[in-house]
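Work through these exercises with the structure on screen. Try each task before reading its solution.

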Amino acid sequence: MGISRDEVMRIAELARLEFGEEDAARYALELDLILGYVAKLEEVDTEGKKPLTHAQELVNVMRQDEPVQGLSQDQALMNAPARKGEFFLVPRIMDNSDED
Amino acid sequence: MELYEFGVGQLAEAFEKGAASPSEALSSVLERIGELEGEVHAFLLTDEEGARKKAKEADGLWAAARKGGARPAPLAGVPYVLKDNICTNGIRTTCGSKMLEGFVPPYDATVAGKLSGSVLLGKSNMDEFAMGSSTENSAFGPTRNPWDTKAVPGGSSGGSAACVSAGFAPFALGSDTGGSIRQPASLCGVVGLKPTYGRVSRYGLVAFGSSLDQIGPFARSVEDAALVFEAISGHDPKDSTSSPRPVPDMRKACKKGVKGMRIGLPREYFAEGLDPEVKDLVMGAVEELSAGGAEIVEVSLPSSMYGLAAYYLAATAEASSNLARFDGIRYGFRAPGAKDVVSAMKKTRSHGFGDEVKRRIMLGTYVLSAGYYEAYYNKALKVRRVLKEEFDEAFGKCDAIAGPTTPEVAFRFGERTEHPLSMYMSDIYTITANLIGIPAISVPCGLSKGLPVGLQLAARAFDEETLFAAAAEVERGAGFAGRIPGRIGGASR
Amino acid sequence: MSWETVIGIEVHVELSTESKVFCGCRTKFGADPNTQVCPVCLGMPGVLPVLNRKAVEYCMKAALALNCEVSGRTKFDRKNYFYPDLPKAYQISQYDMPIGKNGWMDVEVDGKAKRIGIRRVHLEEETGKLIHAGDDITSAASSMIDFNRCGIPLIEIVSEADIRSADEARAYLVKLRSILLAIGVSDCKMEEGSMRCEANVSIRPEGSKEFGPLTEMKNIASFKAVYKAIEYESARQAKVLESGGEVRRQTRHWDDAKSETVFMRSKEQAHDYRYFPEPDLVPLEIDRGWTETVKASIPELPDQRKARYMADYGLAQREASLISDDTDLSGYFEKGLEAGAEAKALANWMTGELAAALNASGTEIASSKVGPAQMAELLGMVAGDEISGKTAKDVFAEVFLKGGSPRKMVEAMGLGQISGEEELRKAALAVIEANPGPSADYVSGKENAIMFLMGQLMKATKGRANPKVANQLLKQELDGRKKNV
């Protein structure tokens, strides 16, 4: 198997994490170990088994379309690391390639 | 007996009779905390002022009740602790992470609301974002096991377990995603319950594995755990996965006894690798159940040893998504100096998260990524289904499944941190209950080399009554109820 | 080389529910920034979504109005990506089990009917709004975020790649908007962002069955822009292929000011959204009873309206189609009828003079100075013989430019039709006197000569003579002379 360094960098990018070379190598190794362990799952016969995504069999849980009081503007912004008046402030967004 | 040694039920009774007041109980635990917190380091935050205010209010409520006024909530005035991944309005909530070091939620978790009559002492230490089995992954230093301060209390709810074990509070809440209540309960010699998935609202619990997480109680007796469970459970419209099923009288269940109950022993749980002393103590507890009239049957859970692998795929996948909101934009830590938002996010997340958290985010991202979903994540979900079917079959032959909570007693600091998998092995008996959503409890069944050993019992979904009945029986036999270690660290009582 | 353009369209529509899709915050447009927010839509730690039933029903309604299959099991999934306007760093959406699928919509272009397939209709949540300090996103040193919009319910409607021209695309969007407005699930205002669309365009040699690599086009802010963008893009792709190049799968941004598409990113670097079922929401089982109830609440849709126009008013298919497919047009039509206009004449004028004038001036019917009441007034005057058809056209042109009442315009311009016998007889006699030749021709049997005389009479009366009466009087006078011969 073996996770390549490139794979590690691709995943780090997807997860918005950054590593130096040493750390990247360490993560590659550790992930390999764990993935090697979980490869055991191939031994389990899951033919025809439906994936279990929810522990309970609940369906159709919904609420009425009624407005409910939320946070005040100050409460909303009080934990913001950077704020400009009534807005959250972020540094430059380079391009809208992540926007969808 | 000092007030800090009283259990939940005992305190409530004392308040009702007027034998003691909530303020007096508070003073007792605060004094104990003052003496020993330096040895244990169970807290990330204490709120003495808030606690005093709340205790005073409760003094009044109980006094009024004694004069014929309305009866307050059963746990009114009882001191308690919340794990620091449970949001508290106006009170800092860090999840044991630098990422939320200064975060003050403007909202309460539902369970905090349900315990608003009780006296919140503070927030307890934990493995960062609930990822770990020893509390060594806290960004703010580890917690020490009150039974041996050179050993870990377990994790991720190590702080809550230690608080109850050391006599800092008669009850505490923790969270359990793969064993994070039961394993520390076992290592600290207290009772810890993971309820059926959906019994207790998750609103306000910072999510780790959304389909696995549940909040549950720590206490020094089974009946106390039952009382707390009753107080915190019930349907919550803010949690779509919350069950509408009514919660029966759990106190009654504790007195039921085990006559006619069938206890299943999975042969796979007693294979090699299990510490022989742990095995002996666990079997001793099982014999107590037998003596109480239970029938012991052997069951087989052939895929149970695959649960750990399935857990590490499902849990990390969900976690990688749940932790993505920590990007430094709306709250929490933001790394300084980044010129654009992408590098700001990367710097923030790389510096704000610890190693274990980053490792799990990487793994989770990987198993969900294009090309790997079927082989890893979906495979894990199918194995979950297989496990559920096996347990359903076993529950056809028994009412509760018994075994060790964890393969060993509390290990020393640094012993498991080298190899990522060695820490994960602690969860081997506990994770399946999370994967399939059934309730499970850990109850102390003795000491091995001076360190507590826990028996785990698991039952069918929504059948906490069976758990309490069986755990109470074990407790009667083991004589461990209410125990607090005589000597903690350098100090003694 | 003859190219065929293949187009698929994706439309996002904000639903007009009172509260957001997963929390109880209000959805009003224009509130102060970050005042319609709560821990849930801000993606704070520990929060959980709870599904708005009305949002589900609106989505079902839209899907049913688009002839989709709506029944059985449906669920939500997480679409994971990082962006500052997305608080949880995932959007709760629907991946493989949308609420509606396999639907269709009929459109008419140049009198020809065409069925466009609807692949899916699903429910998801809106993101927040970014405001860039400076001119545009790439030059701004910082940006500000308002999360009021975050969490408003969105439905996404994806067509099959059945559209073959910019005209068809426009017709599709016009009709889609009409349907959505008719069922009342959204106010569909592209200028406010409650309706947004993207087009996927590719070209292939005519007759080929293979699909060429497609370009995804974003930032299309109006129906007109859709038309222009598609035309531009298919021409661009043709040029690339004809000069021997390769069209690559890519995303492009429509620049309305420069009227061109600009490269954004290659689709090879496409996002890995790592979709997985949303664990915090339970699945939905939509049973037939619920579907039937929602279906029964759907009011008259464009196709039914068209049938009604044809049956009740005798409108021709083309006119009925054009008017019923566009909510603004059918609104105008029905108001015109209310104001007393005759249906066929009204339809005729709307699809003729009015349409031409709107196109030429680039105006929308909602801002036409000739509103339904004025149109009814004008048509009433023609029907009542107060003005001729030709005069009406002139008056229309004037009112279209300047506004006001057609009746007053006729008076002011002195264009009232002359129908008085005495006045017309005088004029007829004058024309006969002035044109002895043609008059004699008519008298001696050349019936056609009357046409020349009529022309002269119209000229003399500046077009105001009532043609019928004038014709009658001319003939009377001339026939009178016949007898004298």
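**Exercise 1.** Find the residue that A:M62 stands opposite, then place the pair in its strands.

*Solution.* Start at A:M62 in this predicted model. Opposite A:M62 stands C:L51, in strand 2 of chain C. Next, look at the strands themselves. Strand 1 of chain A is joined to strand 2 of chain C, residues 51–52, by 2 bridges. These two strands run parallel.

**Exercise 2.** State how many residues each chain gives to the contact, and how much area is buried.

*Solution.* Take the residues to begin with. Chain A gives 39 residues and chain C gives 60 residues. Now take the area. About 4300 Å² is buried between chain A and chain C. Carbon and sulfur atoms give 59% of that area.

**Exercise 3.** Locate the salt bridge between chain A and chain C, and check its distance against the cut-off.

*Solution.* The count is 1 salt bridge between the two chains. Its partners are the side chains of A:R10 and C:D272. The N to O distance is 3.7 Å. The cut-off is within 4 Å, so the pair qualifies.

**Exercise 4.** Count the polar contacts, then describe the side of chain A that touches chain C.

*Solution.* Between chain A and chain C, 21 residue pairs are in polar contact, both residues at pLDDT 80 or more. On the chain A side, the elements giving two or more residues are helix 1 (5–14), strand 1 (62–63), helix 3 (73–77) and strand 3 (87–91). Strand 3 of chain A supplies the largest share, 5 residues. Finally, sort this side by residue class: 18 nonpolar, 9 polar and 12 charged.

Note on methods
Residues numbered from 1 in each chain as written. Chains lettered and ligands numbered in written order. Predicted model: local features only at pLDDT ≥ 70, side-chain atom pairs only at ≥ 80, totals over all residues. Heavy atoms only, no water. Contact = heavy atoms within 4.5 Å. Buried area = accessible area lost by both parts, 1.4 Å probe. Polar contact = N/O pair within 3.5 Å; in protein donor to acceptor, adjacent residues only side chain to side chain. Helix = DSSP H or I, 4+ residues; strand = E, 2+ residues; numbered from the N terminus. Nonpolar A, V, L, I, M, F, W, Y, C, P; charged D, E, K, R; others polar. Pairing = 2+ DSSP bridges.
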